[in-house]
Amino acid sequence: MRLGVCKAATFPHLRAPFMPELDKTYTPADVEARWYQRWLDDKCFEADPARVSEKRPAYSIVIPPPNVTGILTLGHVLNNTIQDILARRARMLGKEVLWLPGTDHAGIATQNVVEKTLKKQGVIKHRDDLGREGLVAKIWEWKEKHGGIIIEQLKKLGASCDWSRERFTFDDDYNACVMRVFVDLYKKGFIYRGKRMVNWCPSSLTALSDEEVVMKAQNAIMYHFKVEVVEEPGTWLTIATTRPEVIPGDQAIAVNPKDERYAHLIGKHVRRPLPVEDQALLPIIADEHVDFTFGTGVLKVTPAHDKADFEIAQRHNLPAVDVMHPNGVLNELAGKDLAGMERFAARKRAAELLAEIGSLVKEEPYQNNLGYSERADVPIESRLSEQWFLKYPSVKESQAVVANGEMKFHPDRWAKVYDHWMTGLQDWCISRQVWWGHRIPVWYRKGSDASDSSDIYCGVEPPADPENWEQDPDVLDTWFSSWLWPFATMGWPEKTSTLKAFYPTTDLVTGPDIIFFWVARMIMAGFEWMGELPFKNVYFTGIIRDKQGRKMSKSLGNSPDPLELIASYSADALRFGIMRSAPLGQDICFDEKNVELGRNFCTKLWNAARFRQMQGGEVETEISAALLSSDDKWILLRLNTAIAEVSTALEEYRFSDATATLYRFFWSEYCDWYIEASKAVLQGSDEKRKANTLAVIDFVLGHTLRLFHPFMPFITEELWHGMGFNADLPENQGGQSIMVAIWPKPLDEDELAHFGILPEDEQAANDKYKAVELGRGLKSTFNINKKVRFVLKPASELPAHEIEVLRILLNAEPLEVDSAFQPKKGTPAALTPLGELFLPLDGLIDVEAETARVGKEVAKVESELEKVRAKLADTNFTSKVPQKVLDDHTQREADWSAQLAKLKTMLEALG
């Protein structure tokens, strides 16, 4: 369409006398496959640093790399749909967009999957059967076969990533970045090796960070056993523990010196009951960290198997005796009765042994929280182990950049969580005892004990004489590679054109569950090696839950397959449905009905476009201000509001608010009101007014498709071309693809003035629609679904066109306008902004039967009202029930009262 005073860049126009006819029904599978391949062929997603300028600023976002062998989940759908919305809108705003994709090698998770598969196939019983090189080769085979599946699935979703830049954390140049960073930190003194108590996974046989441990509620058993004070025969101390199997590792008994029950026993000894053949003497020590209100107030100290006990042992110079193999099997130090037993079987056997020697006092049920390995899903052990640790770099700058608002978190409540964590940082255990990962670039001189620094070599490349050195067997924590993701993916340490153009990135979209795993560490890495923040905004998604509020999981069977949803409803429907239910940063209650609604929305959009085509005529012709109806002006003003609301919502990361606006505008305002009202012109004989109305429809549709495109890319692209809106446009402004069509802007004051559109025009149309709603309400009250006679007693004179619109919207046959109308007594009426609207009932209903029916309804409602009022008057009820129940009853009273008033009005109308 053409706008005489509008800037062409803001409102591109065209003339297309013919347009291809759209199919009767939308077939998303064909459309999605065809357009995605077209976008790839035309390199629509590829970023070019050379195009970045002041007039064409950069927009960049890096994908949170999914596990290389992972598959698409609804969490991925949510996260990547948001990223795609941001990227697509940025293109429409005229920015050079880099959405950089890639995958993560996921050390522990991937090795676990491959090991389990090989064991199931009978290839191995233990990873040592293949050895390091053999197992890593098998994992590479697995990666080549299964890796990248999730990338193809993201393409099905419509993700507009620059796939030419896809990265993998094991790429050669990325691996070199990881090595370079390790060496740099080692030489700066941030990385060190030490023996510490760590979280240990007996299944994966590796250390874990606190963030890789998931706490789960357990129904455990508390075992109470007694020990005798050696120096005071007959004096017994009762100790409570959930882990009798590690009693052989006990090195002391601790009490609080302020505990009057036991203070006099400090310095004396007890005999450790297990192993039975080695009941060693243990000192009774004083430690103020013992909570004498917990259990019996007597604590057994097992330094090698509990973090708190290890700290007590450090204070009292106690040895740490490890009675368990790394795989959770008790070793010989546990004694002959327990050695060789799996830890949980050993627990049961240890309790039996305590009972046999008369030490067990009682067993009782006990609920506690137990740490589980997030990846292997087995209970972890606290284990004393020599590991590599990192003191975090650039902490001060990383904390300040969020605190001072330079980097913004959305929602901002996560800034406090981040600040709290940054204030109490613990050194990061960065080594893992698996084989699939970046191997630590440290070598030890063969034959040495590595106690001398000259016997240790750290470098990006191996030593010059590798035959004299042995490399450290550990690999780095997966997060040690992914914390470099924003700049290592762009060619660092080289000062590449990509890095210069697109770093720092604009946005990061991620889950709050990895705010410490990944977000905080990336910020520190950004400051340490790039000297600035890695991204300007962080959007934290919510967690997707089912209708019962449970987190989605395969074990619960409540996590639908996104690809099945796409096959059933379409990618656009899934995207729109999930975004409609995703308020800023809040958890999402997933309901498949929202996806179904998304499909219905696609159908509505398709049918609206077909309706336009069926009217014929030229496409996007010039609008004549003189021929604009009140409905035309109203829809243009509503479009203005929708553009402003959607734009603001996206700028503020309120995606569900944007979808709510789009739904309201297109489904309700455009389809339900404007298109129906426009039929007064389209079904008439005035060809000039008809052409003008079609021009308005084209204008609104063209803008609507652009507003919808970031959310529903496939159907909008199909309709953009199918309606001919791309014709004659420059390729980079929508001619090639809607994704580079200019993002809509509201009509400015000059444009509104040109078309004679005033703010009060909106109210004039609203008054008409209010009259229609009230008239429809009269029909609904009497269950009338057919065309009926209405009589309007107007408050002022109405133009013939407005009367015809009113007739069509009311579905009236006829609509009489009579300023002198005198209704029969009881004729249903509504006072509308346009005047009094009457619904004469003559011949429409069986008055006697309807009176009887309504009378029964009155009796029923009065009975319900009496019941609820009786409850609300009963102080025994109102004083005891929860506020929600009380509010429900109050609302119930209001609803029944309103219904009773309506029924009585009906009876009056019936005479």
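Modeller: Helices (H or I, at least four residues) and strands (E, at least two) are DSSP runs, numbered from the N terminus. The model is predicted: local features need pLDDT of at least 70, side-chain atom pairs count only at pLDDT 80 or more, and totals for chains, interfaces and linings use all residues. Residues are numbered from 1 along each chain as its sequence is written, and side-chain values use heavy atoms, with hydrogens and water left out.

Biologist: In which helix does histidine 721 lie, and is histidine 721 buried or exposed?

Modeller: Buried means under 20% relative accessible area, exposed over 50%, and partly exposed in between (1.4 Å probe, protein chains only). Histidine 721 belongs to helix 21, residues 713-722. Its relative accessibility is 16%, so histidine 721 counts as buried.

Biologist: How should strand pairing be read, and in what order do the 4 strands of the open sheet stand?

Modeller: Two strands pair if DSSP finds at least two bridges between them. Here the order is 6-5-14-16, with antiparallel pairing. Strand 6 (206-208) and strand 16 (428-429) are the edge strands, each pairing on one side only. Strand 5 (residues 191-201) and strand 14 (residues 381-390) are joined in the antiparallel sense over 10 bridges. Arginine 193 stands opposite tryptophan 388 of strand 14.

Biologist: How many residues of the lining of the second largest pocket are nonpolar, polar and charged?

Modeller: Ala, Val, Leu, Ile, Met, Phe, Trp, Tyr, Cys and Pro count as nonpolar, Asp, Glu, Lys and Arg as charged, and the others, Gly among them, as polar. A pocket is, on a 1 Å grid over the protein atoms alone, an open set of points where a 1.4 Å probe fits, with protein on both sides within 12 Å along at least five of seven lines; lining residues have an atom within 4 Å of a point. This lining divides into 20 nonpolar, 15 polar and 11 charged residues. Strand 7 gives the largest share, 8 residues.
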